Amino acid sequence: MRYIIGFTPPPRDPLTMVAASWLGRNVYTGERVDESETGGLGLREVAFHTALPRRYGFHAALKGPFRLAEPTAEAALLRDLMRYSGTLEPFQIPRLEVARLGNTFGLVPSYPLAAVNYLASVLTQEFDHFRAQLTEAEIDRCDPDLLSATQFANLHRWGCANVMDEFRFQMQLTGPVHSTDLPRMERVLRDLFEPVLCEPITVSNIALMMEESSDGPFRVHSLHPMGKVSARKSA
């Protein structure tokens with residue numbers, strides 16, 4: 001079983017609902033959501049292109065995925081994550097936008113934000129002692145031969161290539177898309193998501209996501225509020 005420490009909007013947020021409809025699965029309940037034809041894409045085409053992000057759920061990974069180091073208990077991870085989240089200040093991402101990420105698509109901030117990069121960095125470091133070391137098979141699945149020297153070092157030190165200076169906040173919307181279909185897919189995603197991306201995104205919770213079974217889908221296990229309790233009550 002693996003975990004991800006990340007961010008996803010609250011259950012009733014319009015962005016959460018649109019993402020669930022697009023991916024065909026609710027990241028909170030794990031339940032399937034009926035897909036529909038979108039922008040001329042048929043049901044099978046949508047299901048094909050969303051297979052990978054549907055499995056991982058709608059989120060931006062800040063640390064993970066990782067297995068717990070022995071003999072660490074899930075309860076200890078939950079306790080420390082709740083405590084540490086309370087020391088972090090909530091902030092806003094002024095705007096998310098649909099963007100091409102190589103041959104895939106996702107939601108990214110319109111411009112780099114120090115606050116989100118800092119959040120990913122401190123969570124990666126603070127909770128690394130909970131992470132089991134990668135097995136040789138897990139390292140091989142990361143295609144180490146394709147990594148830069150920095151990414152390769154990150155993989156062995158932190159269990160993930162894209163951390164620290166290599167980190168990029170992104171909420172994946174598709175798997176790989178053929179080059180001839182990229183313009184059409186981008187139009188579909190912009191038409192679908194832009195209506196719910198008009199307002200800033202508030203980052204006020206850290207989500208612990210859990211793999212439901214080995215190689216199974218991830219869902220939100222728990223949300224951990226950022227900021228001191230007294231500050232949240234007076235807000």
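This passage describes a sheet, the helices beside it, one loop residue and the salt bridges of a predicted model. In this model, local features need pLDDT of at least 70 and side-chain atom pairs count only at pLDDT 80 or more, whereas totals for chains, interfaces and linings use all residues. Residues are numbered from 1 along each chain as its sequence is written, and side-chain values use heavy atoms, with hydrogens and water left out.

Helices (H or I, at least four residues) and strands (E, at least two) are taken as DSSP runs and numbered from the N terminus, and two strands are said to pair if DSSP finds at least two bridges between them. On these terms, three strands form an open sheet in the order β4-β5-β6, and the pairing is antiparallel. Its edges are formed by β4 (96-101) and β6 (171-172), each of which pairs on one side only. Strand β5 (residues 104-109) is joined to the antiparallel strand β6 by 2 bridges, and G106 has Q172 in β6 as its bridge partner.

Helix α8 (residues 182-193) lies across β4 and β5 and runs at about 165° to β4; axes here are lines fitted to C-alpha atoms, for helices over the stretch in contact, and angles run from 0 to 180 degrees between N-to-C directions. Two packed helices are described by the angle between their axes and the distance between the axes. For helix α1 (residues 14-23) and α8, the angle is about 140° and the axes are 10 Å apart. In terms of contacts (heavy atoms within 4.5 Å), L15, V18, A19 and W22 of α1 meet M185, V188, L189, L192 and F193 of α8. By class, this contact comprises 9 nonpolar residues, with no polar and no charged ones, where Ala, Val, Leu, Ile, Met, Phe, Trp, Tyr, Cys and Pro count as nonpolar, Asp, Glu, Lys and Arg as charged, and the others, Gly among them, as polar.

Helix α8 also takes part in salt bridges, each defined by a side-chain nitrogen of Lys or Arg within 4 Å of a carboxyl oxygen of Asp or Glu. By this rule the count comes to 12 salt bridges. In one of them, E186 is bound to R100, with the closest N and O atoms 2.9 Å apart. Because E186 lies in helix α8 and R100 in strand β4, the pair ties together parts that are 86 residues apart in sequence. Accessibility is classed as buried under 20% relative accessible area, exposed over 50% and partly exposed in between (1.4 Å probe, protein chains only); E186 is buried at 18%, whereas R100 is partly exposed at 42%.

A further salt bridge joins R2 to E211, with the closest N and O atoms 3.1 Å apart. This pair links distant parts of the chain, since R2 belongs to strand β1 (residues 2-7) and E211 to strand β8 (residues 205-211), 209 residues apart. R2 is buried, with a relative accessible area of 18%, and E211 is also buried, at 2%. R190 forms a salt bridge with E194, again with a closest N and O separation of 3.1 Å; R190 is partly exposed at 27%, as is E194 at 32%. In addition, K63, D128, R131 and R157 are linked in a network of salt bridges.

Finally, T72 is placed in the loop between β2 (60-67) and α4 (74-85), and this residue is partly exposed, with a relative accessible area of 26%. T72 and Y3 are 69 residues apart in sequence, and their C-alpha atoms are 13 Å apart in space.
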